[in-house]
Amino acid sequence: MHAYRSLTTQRLLDVDARLASMVRTRAVVERRLVGEVRALRLVLVLWALTLAGVAGWVAG
C-alpha cells in the first residue's frame, strides 16, 4: 500500500511540475508576443511618418 501511495504522490508531483512548466512557457510566449506587437507598432508608426513625409515633400 505504501509503495502505491508513493507512486501516486510521484505521479501527482510529475503532473504538477508539468503544469508549472506549461504556465512558465505560456508566460514566456506571452511576453515575447507583447514585445513583437510593440516592435511591429513602432515599425508601422515610423512607416506612416515616412509616408506622410514623402507625401508632404511631393506636394510641397
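**Exercise 1. Charge distribution.** Find how far apart the mean positions of the 9 positive and 4 negative charges of the protein chain are.

Solution. Lys and Arg count as positive, Asp and Glu as negative, and His and the chain ends are not counted. Each charge is placed at NZ of Lys, CZ of Arg, CG of Asp or CD of Glu. The two mean positions are 1 Å apart.

The model is predicted: local features need pLDDT of at least 70, side-chain atom pairs count only at pLDDT 80 or more, and totals for chains, interfaces and linings use all residues. Residues are numbered from 1 along each chain as its sequence is written, and side-chain values use heavy atoms, with hydrogens and water left out.

**Exercise 2. Overall form.** Determine the secondary structure of the protein chain and its spread in space.

Solution. Step one: helices (H or I, at least four residues) and strands (E, at least two) are DSSP runs, numbered from the N terminus. The protein chain has 1 helix and 0 strands. Step two: its radius of gyration is 26 Å, well over the 10 Å that the globule rule gives for 60 residues, so the chain is more spread out than a compact globule. That radius is taken over C-alpha atoms, and the rule is 2.2 Å times the number of residues to the power 0.38. Step three: along the principal axes, the C-alpha atoms fill a box of roughly 90 × 5 × 5 Å.

**Exercise 3. Distances along the helix.** Compare sequence separation with C-alpha distance for Thr-25, Arg-18 and Arg-41.

Solution. Thr-25 is in helix H1; its C-alpha atom is 30 Å from that of Arg-5, with 20 residues of separation along the chain. Arg-18, also in helix H1, is 19 residues from Val-37 in sequence and 28 Å from Val-37 in space, C-alpha to C-alpha. Arg-41 sits in helix H1; between the C-alpha atoms of Arg-41 and Leu-19, 22 residues apart along the chain, there are 33 Å.

**Exercise 4. Exposure.** Work out what share of the 60 residues is buried, and classify Arg-18, Thr-25 and Arg-41.

Solution. Buried means under 20% relative accessible area, exposed over 50%, and partly exposed in between (1.4 Å probe, protein chains only). Buried residues come to 0% of the 60. Arg-18 is exposed because its relative accessible area is 56%, and Arg-41 is exposed at 54%. Thr-25, at 45%, is partly exposed. The chain exposes about 5,700 Å², of which carbon and sulfur atoms supply 70%. Areas come from the Shrake-Rupley method with a 1.4 Å probe; for residues, only the protein chains shown count as cover.

**Exercise 5. Salt bridge.** Locate the salt bridge and describe its two partners.

Solution. The criterion is a side-chain nitrogen of Lys or Arg within 4 Å of a carboxyl oxygen of Asp or Glu. A search of the whole structure gives 1 salt bridge. Its partners are Arg-26 and Glu-30, at 3.0 Å from N to O. Both lie in helix H1 (residues 2–59), 4 residues apart, about one turn of the helix. Arg-26 counts as exposed because its relative accessibility is 58%, whereas Glu-30, at 39%, counts as partly exposed.
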